[in-house]
Structures are given as C-alpha cells and as structure tokens.
Amino acid sequence: MAGIDSLTGALGDVRGKRVLVRSDLNVPLDHGRITDDGRIRASVPTIRTLAEAGARVVVTAHLGRPKGEPDPAYSLAPVAARLGELLGADVAFAADTVGPSASDTVAGLEDGQVAVLENVRFNPGETSKEDEIRTAFASELAKLADAFVSDGFGVVHRKQASVYDIALQLPSTMGALVATEIDVLRRLTHEPARPYVVVLGGSKVSDKLGVIDNLMGQADRLLIGGGMVFTFLAAQGHEVGTSLLEEDQLDTCRSYLARAEETGVEIVLPTDIVVDTAFPSGDREPRPQVVAVDAIPADSLGLDIGPTSAAAFAEAVRSARTVFWNGPMGVFESDAFAAGTRAVAEALTQVDGLSVVGGGDSAAAVRTLGFEESAFGHISTGGGASLEYLEGKELPGIAVLER
C-alpha cells in the first residue's frame, strides 16, 4: 500500500493540518452491532498513516441509504467506536455532518488525533443531482479541513459532494486503499497475465451487462454462475423451473453466446445445479437435490451450481494466471447451497498469479465462509466501482483527482 510519502508528495507536510478523509465505512449492522467490519479494517492504514504523521484526521463516510436527514438506524456511532478499537486510540465522534458538533469536534483535535463525522448522507446535499447544491455542501465540509484524501473506493463511482465536489475545493490526493484498488484494476485491464479467467455470479444478468460486454474482448474464459446463469440456460432452451429469470435479457444472452463462439472466448456454464422447491428460510429445513441443467423440475429453483460444475469451475480458476471474481455461485448464506461459492473461493487461494475478489457479496462470502483474507491476491472494497471500471466507465471520484 501507498505510504506517507505518496500523501505528502501531493499534500506536503501534514503535521498540524486538518485532513478530511473520505472513507468507505458502509458496514452491515444488526440492531447496532457490526456484523462485518472488513471495510473499517481496510480504512485503517491511511487513517493511521496520517495520524502518525501528525495530521488532525477528520473522517467522513456514509452508512446505508438514509433519505437526506438524520436517522438513528444509520448512525456511524458504532463504526467510530470500532475504528477506535482498531486504531488503539480514542476516536472523537461528531453528532452532525457540518453543524456545531462537527465544528467543535474538529476544533478540539490535536495533532495525531482522529474524529469521525456523522453519516454524510444525513445531509441532502451529499447525493443531490444538482451541482450547485452539492457544491454548497462540499463548501461546508471544506471549512473543516485544509486538505482532502479520497480513500473510499466503494463510492468513487458516485458524483457526490464528499467524493467529487470536495476535491475541487481542497488540495487533494488518493489514499492508500484507493491507490491499491486502481493499481489492481489496471493490472486486470492492461496486458493481464494469461490465461485470464473471469467468474461472474450474483442475481441478475442485467447487473453485469457492461462488464460482460467489455470483458468479452479481454478474458479467455467467462465462468457464469449464481442466479444470473438461469437466463443463460433458458436462452439455450433449458427449463429453469421457478429459478430467477430475466426474460427481457434472453436475446442478450443468446448474443453473448454467439459472440463468444465467434471470437474464441469461452463462456463456461454449469452442467449441474443444486435445486430445492423453496428458497432457504429459517422455518424450513432445506431439501437440496442435484440435477443436470437439462432436468430442472418445473416446481424447483436453482440455488447453487452442482458439484461437477463446482469442480470444473475450480479447475479453470486454478489453471489461470489472472482471475477476477464477482458474485457468489449460489445462496452461500445457507450451508446447503454454499459449496459452489466455497469451491471457487478455495481455488482462488491456489492461483499462481493475480487473484481478485471483486467486492460486494463476493467479499462477504469469503469472510462468511471463513477464508483468511491474506490468502487472496486482493479483496476489493467496492463491488460497484470495480465493475464500472471493468466496464470501461470513468469513475468521477478518480477522474477529479487525476485532473
């Protein structure tokens, strides 16, 4: 990861300066309890580096999707407490974003101390579509700082006040986390080591259209699993029962299959599926059944790739020199339907080359299934941002820094 040298190269000596850090602290909460602190842990290196260099660090972030006003369910208070535990130091918490509490909290910081502002999305200016409104809110944030460090990769694809507009108002640079993410993504898109395998899962084909389009010209193999596979199977004429199906994407899937055949890119679909007659829930014992893809019962839905497919996917991953994985192979939260996702994750730990877990549910699956994060080449903190980069889109939060 980038250290203080890269930060001071852009910002100069930060001792005594108020440095506003946009982190991604959007962690899952269960009645105020953090159930996965991965994003908080990922934010620590940049914050610690700045604090050790004597900066007065002011962290801003969002949690969930409040409607532009305070909502206790989305307070960052428990996140600030966990950040303090990870830093091994007290972290001050401001009860508002740019109001009296924020001003007083920042004014009370000494060199090397850290404060967290309340959820930035409690202010409607953060996500406004109106440039003037976002700019006005960014100006209020800018009053709290002398410099800005963008370190929330999970939001750099958003044109929001604390991501984009603030960088136009303060001396700005990217933090260690964002710098690492961009470096890894560039390795995926600029002369990747081959064979290059992409594993895509998750619910919907429509969520991955852009990335499939772009990667068809770059990857050697695309392995398709998760809920999105059933639209591909239906496009081939298979019965998919009550599985997730996007009928409006059938022609798109047919076109991808045809294009792959023409260009020599291999699209690998499962040959067997784990099905059940109902989605897993707490009031019913799962009854998984393995069937061939051409024998899915009309009253059943697919919930994981089958064991033969899992083995084939794992072998394809292990034989690659570059792998990008985004989206679980099944409903990994249920043990009965986690084997496909587990097989892919295990194979990624054995890749002789670059293995990238593309954030979102994939990163959650890795942690839920008990894998050591250090076993993977890189675990992204931003699923949506990673996908948009791989689609070839400009990320506003990166473009503004590079200007």
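In which helix is Asp 104 found? In this predicted model, Asp 104 belongs to helix α4, which covers residues 100-107. The residue is exposed, because its relative accessibility of 57% is over the 50% cut-off. Asp 104 also makes a handy marker for distance across the chain: its C-alpha atom and that of Ala 295 are separated by 66 Å, with the two positions 191 residues apart along the chain.

Much of the rest of the picture can be told around helix α6. This helix takes in residues 176-189, 14 residues in all. At 1.5 Å a residue, α6 should span 20 Å, and its end C-alpha atoms are indeed 20 Å apart, so the expected and modelled lengths agree. A good part of α6 is hidden from solvent: Ala 176, Leu 177 and Val 178 are buried at its start, and further along the helix so are Glu 181, Ile 182, Val 184, Leu 185, Leu 188 and Thr 189. Glu 181 and Thr 189 sit in that buried list beside residues such as Leu 185 and Val 184.

Several of these α6 residues turn up again as partners of Phe 153. Setting aside residues up to four places away in sequence, Phe 153 touches Leu 177, Val 178, Glu 181, Ile 182 and Leu 185, among others. The contact list of Phe 153 also includes Ser 380, Thr 381, Gly 382, Ala 385, Ser 386 and Leu 395. Phe 153 is one of the residues with the most contacts inside the largest nonpolar core, a set of 48 residues. Ile 212, Leu 222, Ile 224 and Phe 232 share that standing. A second core, separate from this one, holds 29 residues, including Phe 332, Ala 347, Val 366 and Ile 379.

Two more buried residues reach α6 from other helices. Thr 46 has its place in helix α2, residues 38-52, and counts as buried because its relative accessibility is 2%, under the 20% limit. Beyond its sequence neighbours, Thr 46 touches Ala 176 and Leu 177, along with Val 149, Asp 151 and Gly 175. Ile 398 comes from helix α14 and is likewise buried, as its relative accessibility is 6%. Leaving aside neighbours within four places, Ile 398 is in contact with Val 178 and Ile 182, and also with Val 156 and Met 174. Ile 398 and Ile 40 lie 358 residues apart in sequence, yet 21 Å apart in space between C-alpha atoms.

Helices α6 and α14 come up once more at the second largest pocket. About 170 Å³ of space lies in this pocket, and 13 residues line it. Those nearest its centre are Tyr 389, Lys 393, Glu 394, Leu 395 and Glu 402. Three elements give two or more residues each to the lining, namely α6, α13 (383-390) and α14 (396-402). The most comes from α14, with 3 residues. As for chemistry, the lining is a mixture of 5 nonpolar, 4 polar and 4 charged residues.

The stretch that follows α6 has some backbone quirks. Most residues other than glycine have a negative phi, and most peptide bonds are trans. Just after α6, Glu 191 takes a positive phi of about 50°, although it is not a glycine. Glu 191 lies in the loop between α6 and β9 and is exposed, because its relative accessibility is 79%. That loop also holds Pro 195, and a cis peptide bond joins Arg 194 and Pro 195, with omega at about 5°.

Another positive phi belongs to His 31, which is not a glycine either; here the angle is about 55°. His 31 lies in the loop between β2 (29-30) and β3 (33-34). With a relative accessibility of 84%, His 31 counts as exposed.

The loop between β1 (18-22) and β2 is home to Asn 26. Asn 26 is partly exposed, because its relative accessible area is 24% and so falls between the 20% and 50% limits. Aside from neighbours within four places in sequence, Asn 26 is in contact with Arg 39, His 62, Leu 63 and Gly 64. Its C-alpha atom is 11 Å from that of Thr 60, a residue 34 places away in sequence.

Conventions
Residues are numbered from 1 along each chain as its sequence is written. This is a predicted model: local features need pLDDT of at least 70, side-chain atom pairs count only at pLDDT 80 or more; totals for chains, interfaces and linings use all residues. Side-chain values use heavy atoms; hydrogens and water are left out. Helices (H or I, at least four residues) and strands (E, at least two) are DSSP runs, numbered from the N terminus. The expected span of a helix is 1.5 Å times one less than its number of residues. Buried means under 20% relative accessible area, exposed over 50%, partly exposed in between (1.4 Å probe, protein chains only). On a 1 Å grid over the protein atoms alone, a cavity is a set of points where a 1.4 Å probe fits but cannot get out, and a pocket is an open set with protein on both sides within 12 Å along at least five of seven lines; lining residues have an atom within 4 Å of a point. Grid points are joined across faces, edges and corners, and a volume is the space filled by probe spheres set on the points. Ala, Val, Leu, Ile, Met, Phe, Trp, Tyr, Cys and Pro count as nonpolar, Asp, Glu, Lys and Arg as charged, and the others, Gly among them, as polar. Contact means heavy atoms within 4.5 Å. A nonpolar core is a set of buried Ala, Val, Leu, Ile, Met, Phe, Trp, Tyr and Cys residues joined through side-chain atoms within 4.5 Å.
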